[in-house]
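I opened the model today to look up a few things. My notes follow in the order I made them.

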Amino acid sequence: LFFNAFPVDRGKGKSKQGARSPRSHRGMAGSLLTDGVPLLIFPEGTRSRTGAMGTFKPGAAALAISRGVPVIPIALVGAWAAMPSEQAGLPKGRPSVHVAIGHPMDPVPGEIAHQFSERIRRQVIELHDQTARAYGMPTLDEYGR
C-alpha cells in the first residue's frame with residue numbers, strides 16, 4: 001500500500017494484447033477485509049461532473065457479501081461545491097462540507113450484490129438529503145435539475 005491507498009482496476013488497465021498490467025492490485029480489497037482492515041470505497045467509481053450522485057457499481061456490496069462484513073453508508077454533503085471536478089484548483093472561499101454517517105448495513109439472506117448496492121445507495125441519498133436540508137444546502141434532486 002502506498003499512502004494507505006491502492007488503485008482499483010476498473011477494467012481499463014489492459015494492454016493491447018489483452019493482458020493485465022503486472023502491477024495489478026486485483027484481489028487486494030478482499031485480502032485486506034479478510035485481514036480486518038477497514039476500507040473506504042466510493043461506489044460510484046468516479047467523481048460527479050454535476051454534483052448529482054451517480055449509479056453505484058456493485059463491487060463494494062459484493063465485497064461485503066463475500067467477506068461477511070457490514071457497509072457503513074456515508075454521505076458527503078457539499079463536496080462537489082468544495083471541489084468541483086471540472087475546476088482547476090479549489091474554489092474561492094471555504095465551502096462547507098458535512099459528513100453524514102449512517103448505521104452499519106448487512107445484506108439480508110439471499111440478497112445479491114446489485115440489490116444490496118441499491119439499498120446502500122438509497123440510504124446514502126437519505127443521509128445526504130436530510131443533512132443538506134438541515135444546513136440549507138442543495139439536495140441531490142436539486143443537483144439533478
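**Helix α2**

I started with α2, residues 59-67, where Ala 61, Leu 63 and Ala 64 are buried. They lie on the same side of α2, because they span an arc of only 160° around the axis. I keep in mind that this is a predicted model.

What do the buried residues of α2 pack against? I found α1 (28-34) and α4 (113-134) there. I also checked the residue just after α2: Gly 68 has a positive phi of about 65°.

**The strand pair**

Next I turned to the strands. β1 covers residues 74-77 and pairs with β2 in the antiparallel sense, over four bridges. I noted two facing pairs. Leu 76 is opposite Val 99 of β2, and Ala 75 has Ala 100 of β2 as its bridge partner.

Which side chains of β1 are covered, and which are uncovered? Ala 75 and Val 77 make up the covered face. Ile 74 and Leu 76 make up the uncovered one.

I read β2, residues 98-101, in the same way and saw its side chains alternate. His 98 and Ala 100 point to one face and are buried. Val 99 and Ile 101 point to the other face and are not buried.

**Ala 100**

I stayed with Ala 100 in strand β2. Its relative accessible area is 8%, so Ala 100 is buried; the cut-off is under 20%.

Which residues does Ala 100 touch, leaving out those up to four places away in sequence? I listed Pro 73, Ile 74, Ala 75, Leu 127 and Thr 131. I looked further at one of these contacts. Leu 127 is 27 residues from Ala 100 in sequence, yet the two C-alpha atoms are 6.1 Å apart in space.

**The nonpolar patch**

Then I went to the surface. A nonpolar patch of about 780 Å² is formed by Leu 40, Phe 42, Ile 72, Ile 74, Leu 76, Val 97, Val 99 and Ile 101. β1 and β2 are the elements that give two or more residues to this patch. I recognised Ile 74 and Leu 76 from the uncovered face of β1. Val 99 and Ile 101 I knew from the face of β2 that is not buried.

Where is Val 97? I placed Val 97 in the loop between α3 (79-82) and β2. Val 97 is partly exposed, at 40% relative accessible area.

**Salt bridges**

Last, I looked for charged pairs. Side chains of opposite charge can pair when their charged atoms come close. How many salt bridges does a search of the whole structure find? The search gave two.

I took Glu 111 and Arg 119 to begin with: their side chains meet in a salt bridge at 2.8 Å, N to O. Glu 111 is buried, with a relative accessible area of 12%. Arg 119 is partly exposed, at 23%.

The other entry is Arg 122 with Glu 118, with the closest N and O atoms 4.0 Å apart. Arg 122 and Glu 118 are four residues apart in helix α4, so about one helical turn separates them. I checked their exposure too. Arg 122 is partly exposed at 46% relative accessibility, and Glu 118 is partly exposed at 33%.

Note on methods:
Residues numbered from 1 in each chain as written. Predicted model: local features only at pLDDT ≥ 70, side-chain atom pairs only at ≥ 80, totals over all residues. Heavy atoms only, no water. Buried < 20%, exposed > 50% of the residue type's maximum accessible area, 1.4 Å probe, protein only. Pairing = 2+ DSSP bridges. Patch = residues over 30% accessible without salt bridge, like charges linked within 9 Å, V, L, I, M, F, W, Y side chains within 5 Å. Areas by Shrake-Rupley, 256 points an atom, 1.4 Å probe, with all protein chains shown as cover. Contact = heavy atoms within 4.5 Å. Arc of directions from axis to C-beta.
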